[in-house]
Amino acid sequence: MKHATLLAACVCAALASPLAAKDIQLPPDAVQLKPSPLPGYAKAQANCTMCHSAEYMRMQPPSAARPYWDAMVHRMKTVFKAPVADEDMPEIVDYLARTYGNEQPK
Ligand code: HEC
């Protein structure tokens, strides 16, 4: 009888040990560009997210018109040396204006 009590005490102590699974929280993924069927989407993914996340696009005013985005893409290239090919710029600007600017579908 004594032995059984001792055994029970041991099992309880083992179960109470702090082996509970740790709750691991990963940081949220970096903000991704909004998906779009426009050809500029893939080009923006390839050219515009290696230095900063798409958070920067999302923070721009939704009233921003096409020339604003055009200037932005050119600024990224001339000021920050973004490796954007000149021929890719119109499609990237088109994607940005229609996805983040004032040409978004209502
Ligand atoms: C070579 C690195 C690099 C690449 C590639 C790049 N950017 Fe940037 N981008 C920057 C830096 C640096 C800033 C400025 C951060 C600041 O001013 O605080 C910035 C800022 C921005 C901003 C915030 C507004 C502003 O004027 O600061 C937007 C919008 C933006 N980039 C869009 C783009 C787009 C669109 C592309 C693709 C054509 C692109 N970026 C590619 C480096 C880059």
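Here is a short conversation about the predicted model shown above, covering its iron site, one helix and some charged pairs.

Student: Before we start, what should I keep in mind about this model?
Tutor: Because the model is predicted, local features need pLDDT of at least 70 and side-chain atom pairs count only at pLDDT 80 or more, while totals for chains, interfaces and linings use all residues. Residues are numbered from 1 along each chain as its sequence is written, and side-chain values use heavy atoms, with hydrogens and water left out.

Student: Which protein donors hold the iron atom of the ligand?
Tutor: Donors are N, O and S atoms within 2.8 Å of the metal (3.2 Å for Na, K and Ca), and with water not among the atoms, sites may look incomplete. Two protein atoms lie 2.0 to 2.2 Å from the iron: NE2 of His52 and SD of Met76. His52 sits in the loop between α2 (39–48) and α3 (55–58), and 24 residues away Met76 belongs to helix α4 (residues 66–80); helices are DSSP runs of H or I, at least four residues, numbered from the N terminus. The donors are therefore His52 and Met76.

Student: What is the geometry of that iron site?
Tutor: Six donors count as octahedral if opposite donors are over 155 degrees apart and all others between 65 and 115. Here the angles among the 6 donor atoms run from 87 to 180°, and the site is octahedral.

Student: Which residues of α4 are buried?
Tutor: Buried means under 20% relative accessible area, exposed over 50%, and partly exposed in between (1.4 Å probe, protein chains only). The buried residues of α4 pack against α3 and α5 (89–99), with contact meaning heavy atoms within 4.5 Å. They are Trp69, Val73 and Met76.

Student: Which residue forms a salt bridge with Arg66?
Tutor: A salt bridge is a side-chain nitrogen of Lys or Arg within 4 Å of a carboxyl oxygen of Asp or Glu. The closest N and O atoms of this pair are 2.7 Å apart, and the partner of Arg66 is Glu103. Arg66 lies in helix α4 and Glu103 in the segment after α5, so the pair ties together parts 37 residues apart in sequence. The answer is Glu103.

Student: Is Asp94, which pairs with Arg98, buried or exposed?
Tutor: Arg98 forms a salt bridge with Asp94 at 3.2 Å between the closest N and O atoms. Both are in helix α5, 4 residues apart, which means about one helical turn. Arg98 is partly exposed at 37%, whereas Asp94, with a relative accessible area of 15%, is buried.

Definitions and conventions: Four donors count as tetrahedral if all angles lie between 85 and 135 degrees; four count as square planar and six as octahedral if opposite donors are over 155 degrees apart and all others between 65 and 115; anything else is irregular. Helices (H or I, at least four residues) and strands (E, at least two) are DSSP runs, numbered from the N terminus.
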